[in-house]
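Q: I should like a close look at a single part of this protein, followed by an account of its surroundings. Please keep to what can be read from the model itself.

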Amino acid sequence: MTASGALESPAAPRPMLPSLAALTQRLRSRLSMREDPATAAYDRIMRRLGISIGIAGMIFGGVELPEAAEQGRYAPAWWTVTAVVLAFGWYPVIAVVSAVSGPRATRFVCGCAAVGFLGALASIPFGLEMHTVDSTTVWLYRVTPVAVTAAVLAWPTRLTVTYLLGTSVAAATATVYTVTAATPQNVGENFLREAGLAALCVWCGTAATGAAARVDRESAIASRRAAAQAAAQARARERARFAALIHDAVLSTLLEASRAGTQSDVLQRQAERTLEQLYECRGEERDPDLLDARSAVLFLRAAVQEINPSVRFATRTWPGYDDLRMPVHSASTIAAALTEAVRNSLRHAAVAGREVRRTVTATVSAGSIRIVFTDDGAGFDLAAVSADRLGISMSILGRMRQLAGGSAFVETQPGEGTTVTLVWGGDGSR
């Protein structure tokens with residue numbers, strides 16, 4: 001297996017400018033890649049919530065635009081345009097990004113929308129004078145629940161709750177600042193209404209994403225249990241098969257030998273057949289404990305997350321990946337080498353003053369799997385590693401090279417992070 005050639009096409013001279021057919025094929029190959037099966041439920045929920053929030057934000061923008069224009073009569077034209085763009089400009093982007101990209105990009109643009117709404121609230125004193133709006137509230141007040149819902153997808157729950165309280169207080173304060181006839185009762189009712197509605201959005205969003213994450217975790221656990229159970233059952237079948245062979249062939253031959261005397265053609269043929277069966281059993285390299293592509297990915301992902309749940313695990317698949325069948329012992333060997341790479345990174349890759357990002361990418365094809373672990377940490381000089389440091393030479397490289405069809409590569413430089421590549425299947429090459 002290679003990084004690109006073995007998955008795309010055989011090596012051949014390429015023209016300086018690729019043909020339209022080649023570009024089309026490459027695009028189709030990239031579009032055929034699927035999401036990580038180990039986070040399928042979470043990814044689907046994030047995508048659907050992102051699309052829903054994007055559409056809801058655009059609807060809110062259409063509904064509030066007349067009110068914004070009406071209240072804009074009391075403010076400079078630049079302020080109305082700026083506030084509308086900050087409050088609603090990110091929602092079309094959220095809808096598009098959620099439809100075509102992954103959860104990470106969705107979280108980023110949702111965070112931008114939430115921050116944009118804060119910017120719109122903060123701009124009110126620069127655009128509107130005190131007590132100039134002849135209404136019960138300033139129009140930005142009604143956008144708070146949508147902005148809070150975007151924050152649910154972008155940030156952890158505690159930060160989202162803080163954002164909810166901050167935006168609700170800011171919207172209520174903006175009402176006091178801008179509305180001509182604001183009363184304490186009116187402001188209090190408005191605050192409780194918007195804070196309550198936003199809290200409901202937070203509860204629904206966190207419940208949905210939390211349930212999806214739990215489904216993925218349980219799926220990974222169930223897959224590992226199923227793999228272990230399948231291995232145990234396969235070993236039990238092999239023991240039963242061998243016991244049956246001993247009883248039906250070996251013991252029967254010995255019994256005939258005790259009864260037949262020194263000469264017996266039947267005994268000779270039976271003994272020859274029994275020896276053939278024993279040699280067949282001895283020569284077989286049976287490994288019925290096979291994992292399909294999804295089970296193999298879940299197995300490896302669970303192994304990584306047992307070490308550190310914050311390591312990002314992504315999966316790419318190529319046409320025919322469903323045909324992959326990986327023996328459990330091969331998956332266990334790769335998992336051991338991979339977790340050693342993760343542990344080494346956690347011990348040695350720290351950089352003062354910033355967080356080190358760690359990612360595992362599994363690329364699955366019909367007959368091979370390629371695991372790439374990367375971090376952007378301190379890196380090191382591979383040639384300077386002493387011989388008594390066995391973490392890389394034995395636990396990673398040696399372990400993979402002893403695996404049939406396996407190989408491993410380590411790339412690193414001081415200050416440039418580390419990449420560990422584990423390959424199984426294909427020709428075992430990079």
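How many of the residues of α8 are buried?

A: In this predicted model, α8 is mostly covered, with 11 of its 11 residues buried. The buried residues of α8 are T144, P145, V146, A147, V148, T149, A150, A151, V152, L153 and A154. As background, the protein has 14 helices and seven strands, and 42% of its 430 residues count as buried.

The cover of α8 can be set beside its part in the interior. The largest nonpolar core has 41 residues, and those with the most contacts inside it are W79, Y91, I124, W139 and L140. Two or more residues of this core come from each of α3 (40-71), α4 (77-88), α5 (91-100), α6 (103-122), α8, α9 (157-178) and α10. The largest share, eight residues, is that of α8. L140 shows how this core is joined: apart from its neighbours within four places in sequence, L140 is in contact with W79, A87, F117, A120, L121 and I124. A second, separate core has 37 residues, among them L300, V328, V360 and V410.

The start of α8 also meets a charged residue of another helix. E194 belongs to helix α10, residues 184-260. With neighbours within four places in sequence left aside, the contacts of E194 are Y141, R142, T144 and P145; T144 and P145 are both among the buried residues of α8. E194 is itself buried but has no salt bridge, and the nearest side chain of opposite charge, that of R193, is 5.7 Å away. A salt bridge would require a side-chain nitrogen of Lys or Arg within 4 Å of a carboxyl oxygen of Asp or Glu.

The loop that leads into α8 deserves attention as well. H131 is placed in the loop between α7 (124-127) and α8 (144-154). Most residues other than glycine have a negative phi. H131 has a positive phi of about 55° although it is not a glycine. H131 counts as partly exposed because its relative accessibility is 40%. One of the contacts of H131 is T178, a residue of helix α9. T178 counts as buried because its relative accessibility is 0%. Leaving aside neighbours within four places in sequence, T178 touches I124, L128, E129, H131, T132, V133 and V138. Of these contacts, I124 also appears among the residues with the most contacts inside the largest core.

A contrast to the cover of α8 is found on α3, a helix that also gives residues to the largest core. V63 lies in helix α3 and, at 55% relative accessibility, counts as exposed. Together with I55, M58 and I59, V63 forms a nonpolar patch on the surface, with about 370 Å² of accessible area in all. For the protein as a whole, the accessible surface comes to about 23,100 Å², of which carbon and sulfur atoms hold 60%.

Contacts between distant parts of the sequence also occur elsewhere. G379 sits in the loop between β5 (368-375) and α14 (390-401), and counts as buried because its relative accessibility is 17%. G379 and T412 are 33 residues apart in sequence, yet their C-alpha atoms are 5.6 Å apart in space. Overall, residues 24 or more positions apart account for 75% of the protein's contacts with a separation of 6 or more.

Methods:
Residues numbered from 1 in each chain as written. Predicted model: local features only at pLDDT ≥ 70, side-chain atom pairs only at ≥ 80, totals over all residues. Heavy atoms only, no water. Helix = DSSP H or I, 4+ residues; strand = E, 2+ residues; numbered from the N terminus. Buried < 20%, exposed > 50% of the residue type's maximum accessible area, 1.4 Å probe, protein only. Lys, Arg positive; Asp, Glu negative; His and termini not counted. Contact = heavy atoms within 4.5 Å. Core = buried A, V, L, I, M, F, W, Y, C linked by side-chain atoms within 4.5 Å. Patch = residues over 30% accessible without salt bridge, like charges linked within 9 Å, V, L, I, M, F, W, Y side chains within 5 Å. Areas by Shrake-Rupley, 256 points an atom, 1.4 Å probe, with all protein chains shown as cover.
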